[in-house]
Amino acid sequence: MKRINYYLLACISLIGLSCQKNTSTATKEVTSKPNIIFVYLDDLGYGDIGANGAKNLNTPNFDALANGGINFSNGYASSATCTPSRYAAFTGQYPWRKNAKILPGSAPMLIDTAQVTLPKMLQAAGYNTAIIGKWHLGLGTHDKDWNQHISPGPNEVGFDQSYIMAATQDRVPTVYIENGDVVNLDPNDPIEINYKKNFKGQPTGKDNPELLTMKWHHGHNSSIVNGIPRIGFMKGGQAALWSDVDMADHFLGKVKTYIKEKSKEEKPFFLTYTMQQPHVPRTPHPRFVGKSGMGPRGDVIVEADWCIGELMKTIREAGIEENTLIVISSDNGPVLNDGYYDDAVEKLGDHDPSGGLRGGKYSLYDAGAHVPFITYWKGQIQPAKSEALVCQMDLFASLAALVGSDMKSQDSENVLDALVGKSKEGRESLILEATTRTSYRKGDFVLIPSYKGPKLNTKVDIELGNSNEIALYNLKEDPAQKNNIAKANPELTASLLKDFEAKRGT
Ligand code: NG6
Ligand code: CA
């Protein structure tokens, strides 16, 4: 790995170090190309970690990183659902430019192999790159055969290595895919996937409730795997099926192996660890069952927290903690009942997954995309809280600045100084997306245009942000978005709308 002298690095201000550091640290060698680990949770709410106010949920490992690094109070996913947020995080482009929506497990690859991507940029800068965990950006072509090598996938858009689930834990195929090949596939028991029609004779959640260990509430009544009814129909591939309760350990094992191996190499590494928690179906390993007192949703958050602890142990044992930048965030806000009866609502108690924000997953209100956002880099990032507006989409330009790459992506802004605590300023504005609708955050204000459609998604019990009236909120004064101040501020509303429409191109 290319190492440069501390003083040289400090004086060229690559990573926000100051030249006035005392001499005890001045002798330390650091690198302009640290290892980078992006830990990406699935549906973890802003308020789901202790550092952001959760009192009844124990998340000591998240909290240690939040308190030992920078905890952002205005950190955003691009969107209130998974596929669009992941698209933005990995490409640095707004997902609505691509019309990105939640994808079925059978969807073809969404990212164009000719596009610039975050892992490609880091690859070109000399990084080993890998993704371990959830993918949900489509794979291969429309008519792909799951029994053959599947391409394009993560390996074709910049990840040297991939060990993934295709879509979500609630969607078929319920198998792991390593570098484009289904793991443990028996050629005599081929996998077939169909999102429209069942395969003859195959039980479903709808018709065979007697086979279920988890009951479906809405959707999720197609093929049954491990007693859990899923979205989509699947046949075959028995030997390749994942074990839901072992999924956290399984991905973590791959992460540990990767870090142990790559930390010995000259090249730095970029690892995206896309955890499946706390998305449905929530299937904590038995050793976490009952640990939160909040049912499976709380238990899998405790499990995810344990995984973060194990990740940190691995990093420390490999001796790379001071040479590794860690970014932790979530792809969208929280949801309780997302389609299974799993006591998430019943056992919630006083816990507030959104941390006082309005809405949740799927919503244009703030909790949709306003998520935990933490950066940690021992010895380089001084612990702080930051109000800077930052978005996962900015990882591209910010990390490009860190590693000295001149590659660009359309919508990504360089907020590196904010990410490493050198500046309190992040982006000036950000377009947020929720199930194809968009809103506009600028400074402390957020403007939500008027949208037709239901005010409430009654199935998940989340306010969606649709209204006959345009809405303007001052999030600093009114984080719960109780007071629509659009009428009282017509000039500001008009100017934000104009600005928004110019950027959004509507
Ligand atoms: C929805 C699913 C929900 C979840 C979501 C994707 C139904 C009724 N609901 O369509 O359970 O899977 O898609 O979540 O099927 S995300 O975090 O990947 O965006
Ligand atoms: Ca998600």
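## A tour starting at Asn-332

Select Asn-332 to begin: this residue counts as buried, because 32 C-beta neighbours sit inside 10 Å, and 20 or more is what a buried residue needs. Keep in mind as you click around that this is a predicted model.

Now colour by secondary structure and see what flanks your selection. Asn-332 belongs to the loop that runs between β13 (324-330) and β14 (373-376).

Next, add Leu-44 to the selection. Leu-44 is 288 residues away from Asn-332 along the chain, yet their C-alpha atoms are separated by 6.9 Å.

Which residues does Asn-332 touch, if you skip those up to four places away in sequence? Show Asp-43, then Ala-77, Ser-79, Ala-80, Thr-81, Cys-82 and Ser-85, and finish with Lys-361, Gly-368, Ala-369 and Val-371.

Widen the view by selecting residues 34-404. UniProt, in an unreviewed entry, lists this range as "domain: Sulfatase N-terminal". Pick the C-alpha atoms at the two ends of residues 34-404 and you'll find them 12 Å apart. Helix makes up 20% of that span and strand 16%.

Finally, zoom out to the whole protein chain. You'll be looking at 10 helices and 22 strands. Along the principal axes, the C-alpha atoms fill a box of roughly 70 × 60 × 45 Å. The radius of gyration is 22 Å, which agrees with the value near 23 Å for a compact globule of 506 residues. Colour by burial and 56% of the 506 residues come up as buried. Switch on a contact map too: among contacts with a separation of 6 or more, 69% join residues 24 or more positions apart.

Definitions and conventions:
Residues numbered from 1 in each chain as written. Chains lettered and ligands numbered in written order. Predicted model: local features only at pLDDT ≥ 70, side-chain atom pairs only at ≥ 80, totals over all residues. Helix = DSSP H or I, 4+ residues; strand = E, 2+ residues; numbered from the N terminus. Buried ≥ 20, exposed ≤ 12 C-beta atoms within 10 Å, placed from the backbone. Contact = placed C-beta atoms within 7 Å. UniProt positions renumbered as here; feature names shortened; annotations may be inferred. Rg over C-alpha atoms; globule rule 2.2 N^0.38 Å.
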